[in-house]
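Q: Hi, could you walk me through this one? I'd like to start with how you use the word "touch".

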Amino acid sequence: MTELGPVVWPPAPIRTERLVLRESEARDRAAVIELFTSPEVNAYLGGPRARDELERTVPEVPGRRPGLFVVEVDGAMIGTIELNRRDAEHRGQVRPHAGEAELGYLFLPEAWGRGYATEACAAALGWFADARPGAPVVLCTQTANDRSMRLAAKLGFTEVQRFEEWGAEQWFGVWSPPAPSD
Ligand SMILES: CC(C)(COP(=O)(O)OP(=O)(O)OC[C@H]1O[C@@H](n2cnc3c(N)ncnc32)[C@H](O)[C@@H]1OP(=O)(O)O)[C@@H](O)C(=O)NCCC(=O)NCCS
């Protein structure tokens, strides 16, 4: 994954009905390590990482880069959303070599099943549609990842293709921004 391209970063925190999306801060480090060491979170992402390795290598302020939002509820981090530039060598492109944006999401299991990921991703897509008018967003997820497949559908992603990668069937979809109303 490489960085997103020309966007103003960081934006002002984005507030939804229940959540805040903001740039990462030092106080998020423990939750970021939880995300990457959780077997549930990483079940379809190559498995959990070793805690001692992450304690050594995660920077004091983790994940501070354009396109990476920390999602918080009542002041506590519950997950991250990323919009990255999809590497050109990946299979699955709607506009090959255009450096299109790809959505990724990771939420802590205790926050699943409450609609938080849908609410947060919709807000991030809204931010992106303003920051990069007309640009599509792509998403790739294992078809076996039921929760992620349901989330992609709820957000309005539609299937472009399925293919085999990393020993599993992958679903590759695209989201197009709403047409301007005026
Ligand atoms: C993928 C992931 C973000 C989905 O999380 P999620 O909590 O299931 O997603 P949503 O925010 O869409 O929540 C939907 C659920 O909340 C329920 N819900 C409860 N209250 C709700 C509300 N107020 N509004 C909407 N939905 C609500 C819905 O009924 C739904 O439950 P169901 O899936 O059992 O039917 C999460 O499972 C995750 O982080 N997985 C690990 C990381 C991963 O695999 N990422 C994919 C990388 S491509």
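A: Happy to. By contact I mean heavy atoms within 4.5 Å. One thing to keep in mind throughout is that this is a predicted model.

Q: Good. Then which residues does Gln 142 touch, sequence neighbours aside?
A: Leaving out residues up to four places away in sequence, Gln 142 touches Tyr 44, Met 149, Ala 168, Glu 169 and Gln 170. With Tyr 44 there is also a polar pair: a polar atom of the Gln 142 side chain lies 3.2 Å from the backbone oxygen of Tyr 44.

Q: Where is Gln 142, and is it buried or exposed?
A: Gln 142 is in strand E6. Gln 142 counts as buried because its relative accessibility is 17%, and the cut-off for buried is under 20%.

Q: And Thr 141, what does that one touch?
A: Thr 141 is in strand E6 too. Not counting residues up to four places away in sequence, Thr 141 touches Ser 148, Met 149, Glu 169, Gln 170 and Trp 171. The Ser 148 contact includes a polar one, side chain to side chain, at 2.8 Å. Thr 141 is buried as well, at 6% relative accessibility.

Q: How far is Thr 141 from Gly 173 in space?
A: Their C-alpha atoms are 8.7 Å apart, while in sequence the two are separated by 32 residues.

Q: Let's switch to the core. How many residues does the largest nonpolar one have?
A: It has 36 residues. Leu 21, Ile 81, Leu 103, Trp 127 and Phe 157 have the most contacts inside it. Two or more residues each come from strands E3 (68-73), E4 (76-85), E5 (101-107), E6 (137-142) and E8 (168-175), and from helices H3 (116-131) and H4 (146-155).

Q: Which element gives the largest share?
A: That's H3, with ten residues of this core.

Q: Pick Ile 81 for me. What's around it?
A: Beyond residues up to four places away in sequence, Ile 81 touches, among others, Leu 21, Phe 69, Val 71, Leu 103, Phe 107, Ala 120, Cys 121 and Ala 124. Apart from this core lies another one of nine residues, including Ala 31, Val 41, Met 77 and Leu 108.

Q: Ala 31 is in H1, right at the start of the chain's helices. Which H1 residues are buried?
A: In H1 (residues 29-37), the buried ones are Ala 31, Val 32, Ile 33, Leu 35 and Thr 37. Their cover includes helix H2 (51-57), E4 and E5.

Q: Now the ligand. Which residues come nearest?
A: Of the 21 residues around the ligand, the nearest are Thr 118, Asn 145, Arg 147, Arg 150 and Lys 154. Thr 118 has a polar side-chain atom 2.5 Å from a ligand oxygen, and Arg 150 has one 2.7 Å from an oxygen of the ligand. Tyr 105 comes in through its backbone, with an N or O atom 2.9 Å from a ligand nitrogen.

Q: How much of the ligand does the protein cover?
A: The protein covers 72% of the 970 Å² of accessible area that the ligand has on its own.

Q: What's the shell made of, by class?
A: Ten nonpolar, six polar and five charged residues. E5, H3, E6 and H4 each supply at least two residues of the shell, and the largest share, five residues, comes from H4.

Q: Back to H3 for a second: what does Tyr 116 pack against?
A: Tyr 116, which is in H3, is in contact with Arg 18, Leu 19, Val 73, Ile 78, Phe 107 and Ala 111, leaving aside neighbours within four places in sequence. Tyr 116 is buried, with a relative accessible area of 11%.

Q: Last topic, backbone oddities. Where is the cis peptide bond?
A: It joins Trp 9 and Pro 10, with omega about -5 degrees. Pro 10 is in the segment before strand E1 (14-15).

Q: And which non-glycine residues have positive phi?
A: Asp 74 is one, with phi near 50 degrees, and Trp 166 is another, at about 50 degrees. Asp 74 is in the loop between E3 and E4, whereas Trp 166 is in the loop between strand E7 (158-165) and E8. Asp 74 is exposed, with a relative accessible area of 79%, and Trp 166 is exposed at 67%.

Technical notes: Residues are numbered from 1 along each chain as its sequence is written. This is a predicted model: local features need pLDDT of at least 70, side-chain atom pairs count only at pLDDT 80 or more; totals for chains, interfaces and linings use all residues. Side-chain values use heavy atoms; hydrogens and water are left out. A nonpolar core is a set of buried Ala, Val, Leu, Ile, Met, Phe, Trp, Tyr and Cys residues joined through side-chain atoms within 4.5 Å. Buried means under 20% relative accessible area, exposed over 50%, partly exposed in between (1.4 Å probe, protein chains only). Helices (H or I, at least four residues) and strands (E, at least two) are DSSP runs, numbered from the N terminus. A residue is near a molecule or strand if one of its heavy atoms lies within 4 Å of it. A polar contact is a pair of N or O atoms within 3.5 Å; within protein, one must be able to donate a hydrogen and the other to accept it, and residues adjacent in sequence count only if both atoms are side-chain atoms. Accessible areas come from the Shrake-Rupley method with a 1.4 Å probe; for residues, only the protein chains shown count as cover. Ala, Val, Leu, Ile, Met, Phe, Trp, Tyr, Cys and Pro count as nonpolar, Asp, Glu, Lys and Arg as charged, and the others, Gly among them, as polar.
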